[in-house]
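Could you walk me through this model in my viewer, one selection at a time? I would like to know what to pick next and what I will find there.

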Amino acid sequence: MDFFKKIKRTTLLQVLLLVGAITIVALCLPHDDKFHYSYQVDKPWEYSLLTAPFDIPIELDTATATHRRDSVIRSFVNVYKINKAVSASQLKMLAQYLQNAKASSSERLFYVRILNQVYDRGIVDNNTYERICNGSLPYVRHEADNHTIENIPTGDFLSVRAAYEHLDSLAAEQNLREKFASLHLNAFLQPNVVVDSVRSMDMLRVRLQKELAPVGIIQKGERIIDRGSVVTPQVVSALNYMKQEYEANAMGKQESNYYILSRVCIITILMLMLYIYLGVLRSQVFYDMRKLTFVMSLLTCFTALFFLGISVDPVKTAYIMPFALVPIVMTTFFDSNLAIVVHCVEVMLASIVSSYSTDLVLMQFAIGIISVATIQEMSRRSQLARTAGMVFVCYSIIYIAFFVMEKGTINGISKYVFFYFVINAILLSFSNLLIYMLEKLFGFTSSLTLVELTDLNQPLLRQLSDLCPGTFQHSMQVANLGAEAAHLIGANVQLVRVGAIYHDIGKTKSPNFFTENQRGVNPHSLLTPEQSASIVIRHVTDGLELADKAKLPQAIKDFIVQHHGHGLARYFYTQACNQHPDETIDPEPFTYPGPNPQTREVAIVMMADATEAASKSLTDHSREAITNLVNKIIDSQIANGLLKDAPISFRDVEVIKRTFIDRLGTFYHMRVKYPDQIKRKPAEPESADTKPSDIADAKPVDAAAEAKNGGEDKA
């Protein structure tokens with residue numbers, strides 16, 4: 001019942017995680033009512049082929065339109081209207097004024113007549129009169145009563161000042177200047193020919209519309225511009241029109257909703273494909289909620305960030321966004337196969353909103369392969385810099401190849417794109433910080449951390465070397481055996497090496513109770529088998545306690561608690577059985593707490609640990625004896641069910657056996673025995689001709705050279 005509850009709970013969490021990922025990615029999709037292109041006149045178009053989503057009028061380019069607009073405005077003549085009400089009102093006011101001044105009837109008639117003459121000629125404002133005087137306004141337009149436009153010459157028009165001077169000259173002819181000056185007739189002078197602003201603006205608008213009318217039309221689906229083409233003023237006009245239409249209505253709300261729904265469907269399909277792959281081929285990831293959450297979170301966050309960047313600047317985002325970051329992180333914590341699959345899903349999700357999806361897919365897929373290939377077994381931080389450099393080179397080569405394939409020439413390649421690639425590489429080189437953060441957040445163990453743990457200056461390893469030199473040597477031998485076997489079966493070599501080095505650190509609590517550290521005195525001789533077994537078994541819990549204090553990763557702790565599994569401390573169990581032959585001995589006090597190995601790496605260390613320790617008891621180190629020992633120990637572990645929970649195949653076990661046999665044969669190979677002294681032939685009797693000086697001059701035998709030659713011959 002508990003098993004089914006756990007299955008249901010896991011399934012529910014998997015569904016919620018999938019729905020959450022799809023929802024977050026969908027919410028970050030760029031809105032369709034935004035214009036996602038940036039462009040500049042006389043610069044290459046950096047996007048893929050652009051076709052008209054609707055009919056687009058071909059407007060005049062900015063320079064031509066500005067020239068025509070300025071020309072129309074300069075040459076345009078305003079429409080003027082003659083305001084008869086002004087003249088009538090002023091003449092009436094003058095007559096009343098002269099009557100109040102008790103002027104004679106002849107004077108009243110004269111002044112009203114000459115003022116009327118001025119108004120009949122037309123009084124205009126000072127600006128208009130100035131244009132008339134300099135010859136730039138020979139006529140003005142006037143709308144007649146039948147709404148037709150007629151041209152009126154401006155030669156007779158006067159300004160207020162000119163009208164007053166004209167009246168003054170007429171008064172002088174009649175010898176009335178003194179009387180004229182006292183009347184202040186300038187107060188009765190106002191422009192009666194004024195600009196009709198409404199009618200003038202209407203006519204100017206019609207004129208501008210005619211002059212600036214579109215010179216053609218780009219029909220829906222017709223090509224506007226292709227990638228690499230130079231942006232002309234005419235193209236800019238079409239793009240500006242598209243931008244205005246997008247910002248105004250976005251091609252209709254209903255169509256936009258359908259478009260968003262189709263994108264969400266594609267996102268859902270891609271996420272489901274990843275789930276199917278994980279469920280079928282990566283079940284250890286799919287059913288481990290910590291690992292599944294990590295994979296989906298990394299993919300979701302990166303995709304959402306890319307979508308948000310596309311909304312701001314499509315070109316810069318597509319080239320600057322470090323797509324290789326995801327496969328690098330996935331390779332660091334999992335394996336290259338899973339990294340490639342997640343990267344493919346990542347690129348396909350990005351292609352949904354990219355303006356040039358084909359180029360993006362091909363380019364980023366290649367970059368993912370390169371990054372995974374160069375980051376395998378990352379053990380040095382310099383590898384990230386090397387990977388970043390290779391990514392930059394690959395980006396540049398692929399971009400140039402695409403450009404030349406489309407244009408047939410390298411002319412017109414944008415230098416800014418390479419600057420974007422440099423930024424991409426720089427961001428990628430700092431991925432070590434992200435790896436460290438994710439490592440702490442999700443409890444994973446990266447290759448860099450494993451490399452740091454192999455430093456023999458680590459406190460635990462120094463303590464192991466000082467207190468348990470025999471155990472330390474044993475651990476190093478197990479590490480060498482396990483690493484070679486892990487390499488051959490495709491397991492995590494670095495993890496096996498580190499796990500083997502730390503698997504027996506618990507022995508530092510009681511080093512003398514373990515054979516490899518004893519120097520003649522065996523404390524177990526004073527203890528019962530049960531007591532001895534308890535002390536020996538306790539090195540597992542003691543090791544876990546030390547690992548907790550040192551804050552070792554969980555992956556290393558697994559080696560400490562699982563490297564004996566639920567196996568027996570067989571030596572003491574057999575001893576107890578022999579001491580009480582008539583009793584049934586309970587194996588529980590002699591059984592390690594376990595659990596059994598859960599991974600291939602821990603299983604390798606279990607086999608290497610038992611094999612290396614048992615090999616120390618061999619007196620015959622022939623290949624046949626080593627082969628029998630290795631087969632016996634590993635077959636016994638399999639028979640006792642210690643490896644049943646580890647995902648390891650029989651083929652892997654056979655490879656591991658052969659590796660152990662070869663390695664142990666190398667460890668215990670026979671060395672040549674060097675002679676203690678140089679044997680010489682018996683001295684011959686001295687002849688009468690032999691002198692002592694002849695014996696002294698004889699060259700001595702080079703013992704070191706003989707020994708060296710003997711060793712080389714033996715080897």
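## A tour by selection

Start by selecting Leu-281, which counts as exposed because its relative accessibility is 54%. Keep in mind throughout that this is a predicted model. Leu-281 sits in helix 10, which covers residues 253–281. Now add Ile-276 and Val-280 to the selection: together with Leu-281 they make a nonpolar surface patch of about 330 Å².

**Salt bridges**

Next, turn to the charged side chains; the whole structure holds 16 salt bridges. Pick Asp-202 and Arg-205, a bridged pair whose closest N and O atoms are 3.1 Å apart. Both belong to helix 8 (residues 197–211) and are three residues apart, about one turn of the helix. Asp-202 is partly exposed, at 32% relative accessibility, and Arg-205 is partly exposed too, with a relative accessible area of 42%.

Now select Glu-484 and Arg-663, another salt bridge with its closest N and O atoms 3.1 Å apart. This pair links distant parts of the chain: Glu-484 is in helix 22 (residues 469–489) and Arg-663 in helix 29 (residues 650–667), 179 residues apart. Glu-484 has a relative accessible area of 26% and is therefore partly exposed; for Arg-663 the value is 31%, again partly exposed.

While you are there, select Thr-659, also a resident of helix 29. Is Thr-659 buried or exposed? At 4% relative accessibility, Thr-659 counts as buried, the cut-off being under 20%. Leaving aside neighbours within four places in sequence, Thr-659 is in contact with Glu-484, Ala-485 and Leu-488. Glu-484 thus turns up again, as a contact of Thr-659 and as the salt-bridge partner of Arg-663.

Move on to Lys-509 and Glu-545, whose side chains meet in a salt bridge at 3.8 Å, N to O. Lys-509 lies in the loop between helix 23 (493–502) and helix 24 (529–550), and Glu-545 lies in helix 24, so the pair ties together parts that are 36 residues apart in sequence. Both ends are partly exposed: Lys-509 at 41% relative accessibility and Glu-545 with a relative accessible area of 36%. Then select Asp-504, Lys-507 and Glu-516 to see a network of salt bridges.

**A buried serine**

Select Ser-431 in helix 19 (residues 431–442). Ser-431 counts as buried because its relative accessibility is 1%. Which residues does Ser-431 touch, not counting those up to four places away in sequence? Show Leu-325, Ile-328 and Leu-384.

**Aromatic rings**

Now display the rings; the count of aromatic pairs comes to 24. Begin with Phe-306 and Phe-323: their ring centres are 5.2 Å apart and their planes at 65°, so the pair is edge-to-face. Phe-306 is in helix 12 (residues 289–312), and Phe-323 is in the loop between helix 13 (314–320) and helix 14 (325–333), 17 residues apart. Phe-306 is buried at 1% relative accessibility, and Phe-323 is buried with a relative accessible area of 0%.

For a cluster linked by ring pairs, select Tyr-319, Tyr-395, Tyr-399, Phe-403, Phe-418 and Phe-421. Finish at Lys-415 and Tyr-416, where the charged end of Lys-415 sits over the ring of Tyr-416, 5.8 Å from its centre.

Conventions: Residues numbered from 1 in each chain as written. Predicted model: local features only at pLDDT ≥ 70, side-chain atom pairs only at ≥ 80, totals over all residues. Heavy atoms only, no water. Patch = residues over 30% accessible without salt bridge, like charges linked within 9 Å, V, L, I, M, F, W, Y side chains within 5 Å. Areas by Shrake-Rupley, 256 points an atom, 1.4 Å probe, with all protein chains shown as cover. Salt bridge = Lys/Arg side-chain N within 4 Å of Asp/Glu carboxyl O. Helix = DSSP H or I, 4+ residues; strand = E, 2+ residues; numbered from the N terminus. Buried < 20%, exposed > 50% of the residue type's maximum accessible area, 1.4 Å probe, protein only. Contact = heavy atoms within 4.5 Å. Phe/Tyr/Trp six-rings, centres within 6.5 Å; stacked < 30°, edge-to-face > 60°. Lys NZ or Arg CZ within 6 Å of the ring centre and 35° of its normal.
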